[in-house]
Amino acid sequence: MADITQLNLAEPDQIEWDDYEPGGEGTPPIPDGKYVLQAPVSFAFDATAERRLRVTLDPVVVVGPTHTGSKIRWIRLSTKRYANRNGSPVGDYLRACGVMASPITNEQYVTCIEATTGRVFQGTTQQHVYCNHKDTPHAAAAPYAIDGQVSIPKNGDGTSKLSFPCPVCQKTVFVNSQVRRFIDSIPKA
Ligand SMILES: [Zn+2]
């Protein structure tokens, strides 16, 4: 048996094993489309590999018109400017939320993002699957990715699968919905 005497552990939280509640399979995806969404009440910040400020929105909640209460998890947005337009993922999010400020510094971006707590905005969502084959013998292979509900593998009855084996590494992959586009709410100057 491994020696854990040096870890200075607290006693384990006690679990009622006869009444165990297993974790779910994550958040089921919603049909691709346009939704009214609500920003989270708190935000996690970190840096991208290029040292850009990045925020994680987790969760964004669907307010309507359908699938009210569904959650979209782990939306990560950076301040990196798009290669093909004068905008950025965080900029798109702030404008969708109606933030009129023009942040320049990282601190100003944080202030603006924190001002979106609980705000309602519009966006389009798309179902998504991604696997980088981590911790498998196929870790060096190109990632497996699907974007869009029409491309998700189907069950025998024609409904979309919620999970299936990655065709490259065979690990189970889950279908998620992602926000594909934040719909701008600021009138053009
Ligand atoms: Zn895989």
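**Close-up views of a predicted model**

**View 1. Pro-12, out in the open.** Pro-12 counts as exposed, because just 6 C-beta neighbours sit inside 10 Å of it, and a residue with 12 or fewer gets that label. Keep in mind that what you're looking at is a predicted model. To find Pro-12 along the chain, look in the segment before β1, the strand made of residues 33-38. Then there's Leu-77: it and Pro-12 are 65 residues apart along the chain, and their C-alpha atoms are separated by 37 Å.

**View 2. The whole protein, for orientation.** Let's step back for a moment. The protein has 2 helices and 11 strands. Reading from the N terminus, the order is β-β-β-β-β-β-α-α-β-β-β-β-β. Along its principal axes, the C-alpha trace spans about 65 × 50 × 40 Å. The radius of gyration is 20 Å, whereas a compact globule of 189 residues would come in near 16 Å. As for burial, 20% of the 189 residues count as buried. Now take the contacts between residues at least 6 apart in sequence: 56% of them join residues at least 24 apart.

**View 3. Helix α1, wrapped up by its surroundings.** Is helix α1 buried or exposed? Helix α1 covers residues 89-96, and 6 of its 8 residues are buried, so the rest of the structure largely encloses it. Those buried residues are Pro-89, Val-90, Gly-91, Tyr-93, Leu-94 and Ala-96. And which elements do the buried residues of α1 pack against? The list is β3 (53-57), β6 (75-78), α2 (106-114), β7 (120-131) and β11 (176-182).

**View 4. Gly-98, just past the helix.** Follow the chain on from α1 and you come to Gly-98. Its phi is positive, near 80 degrees.

**View 5. Strand β6 and its two faces.** Here's one of the elements that the buried residues of α1 pack against. Which residues of β6 lie on its covered face? That face holds Ile-75 and Leu-77, while Arg-76 and Ser-78 are on the uncovered one. You've met Leu-77 already, as the residue whose C-alpha atom is separated from that of Pro-12 by 37 Å.

**View 6. β3 and β6, side by side.** In what sense do β3 and β6 pair? The pairing is antiparallel, and it runs over 4 bridges. For a spot to zoom in on, try Thr-56, which stands opposite Arg-76 in β6. Arg-76 belongs to the uncovered face of that strand. Both strands also feature in View 3, since β3 and β6 are among the elements packed against by the buried residues of α1.

Methods
Residues numbered from 1 in each chain as written. Predicted model: local features only at pLDDT ≥ 70, side-chain atom pairs only at ≥ 80, totals over all residues. Contact = placed C-beta atoms within 7 Å. Rg over C-alpha atoms; globule rule 2.2 N^0.38 Å. Pairing = 2+ DSSP bridges.
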